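Subject: That structure I promised you

Hi,

Here is the structure we talked about. Have a look at it first, then read on for what turned up.

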Amino acid sequence: MPNEIVEALLEVGLTPLDWVDASVFSKLTGIKATKLTNRRRNWPENLVWTKQDGNIYYSIRGYNEWLTRK
């Protein structure tokens, strides 16, 4: 998907996908990938992040839901 389309979707609150790895999550949220491990301690598992087959994935929707609850 071209970056212009992704950026347009993000501006209106839509994401083309949900569960992403740390590098993509970092780019979308502006949180450095190196800080995600520490931040994950405060985020609910299976809502904002999950571990599958030894890999950590982050949910854009879950993060937005968690962020707006506070």
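A good place to begin is the largest nonpolar core, which has 12 residues in all: Val20, Phe25, Ile31, Leu36, Trp43, Leu47, Val48, Trp49, Tyr58, Ile60, Tyr63 and Trp66. Helix α4 gives the most to this core, with three residues. Keep in mind that this is a predicted model. As a bit of background, nonpolar side chains tend to be buried together in soluble globular proteins.

To get a feel for the core, click on Leu36. Skipping neighbours within four places in sequence, Leu36 is in contact with Ala22, Phe25, Ile31, Trp43 and Tyr58.

Now for α4 itself. Which residues of this helix, running from 60 to 69, are buried? They are Ile60, Gly62, Tyr63 and Trp66. Looking down the axis of α4, you'll find these buried residues within an arc of 160 degrees, so they line one face of the helix. Over on the other side of α4, Arg61, Thr68 and Arg69 are exposed. What do the buried residues of α4 pack against? Their partners are β1 (19–20), α2 (22–29) and β3 (55–59).

Next, go to the start of α4, where a side-chain oxygen of Ser59 comes to within 3.4 Å of the backbone nitrogen of Arg61. Ser59 belongs to strand β3. Is Ser59 buried or exposed? Its relative accessibility is 2%, and buried means under 20%, so Ser59 counts as buried. Apart from neighbours within four places in sequence, Ser59 is in contact with Asp18, Trp19, Phe25, Leu47 and Val48. Two of the names there, Leu47 and Val48, may ring a bell: they are in the nonpolar core as well.

Strand β3 also has a partner strand. It pairs with β2 (residues 49–52) in the antiparallel sense, over four bridges. For example, Trp49 has Tyr58 in β3 as its bridge partner. The hairpin of β2 and β3 has two residues between the strands, and Asp53 there takes a positive phi near 50 degrees.

One last stop is Thr50, found in strand β2. Thr50 counts as buried too, because its relative accessibility is 9%. Its side chain makes a polar contact of 3.0 Å with the side chain of Asn46. Not counting residues up to four places away in sequence, Thr50 touches Trp19, Asn55, Ile56 and Tyr57.

Have fun clicking around, and shout if you get stuck!

Cheers

Conventions. Residues are numbered from 1 along each chain as its sequence is written. This is a predicted model: local features need pLDDT of at least 70, side-chain atom pairs count only at pLDDT 80 or more; totals for chains, interfaces and linings use all residues. Side-chain values use heavy atoms; hydrogens and water are left out. Buried means under 20% relative accessible area, exposed over 50%, partly exposed in between (1.4 Å probe, protein chains only). The arc is that of the directions from the helix axis to the C-beta atoms. Contact means heavy atoms within 4.5 Å. A polar contact is a pair of N or O atoms within 3.5 Å; within protein, one must be able to donate a hydrogen and the other to accept it, and residues adjacent in sequence count only if both atoms are side-chain atoms. Two strands pair if DSSP finds at least two bridges between them. A nonpolar core is a set of buried Ala, Val, Leu, Ile, Met, Phe, Trp, Tyr and Cys residues joined through side-chain atoms within 4.5 Å.
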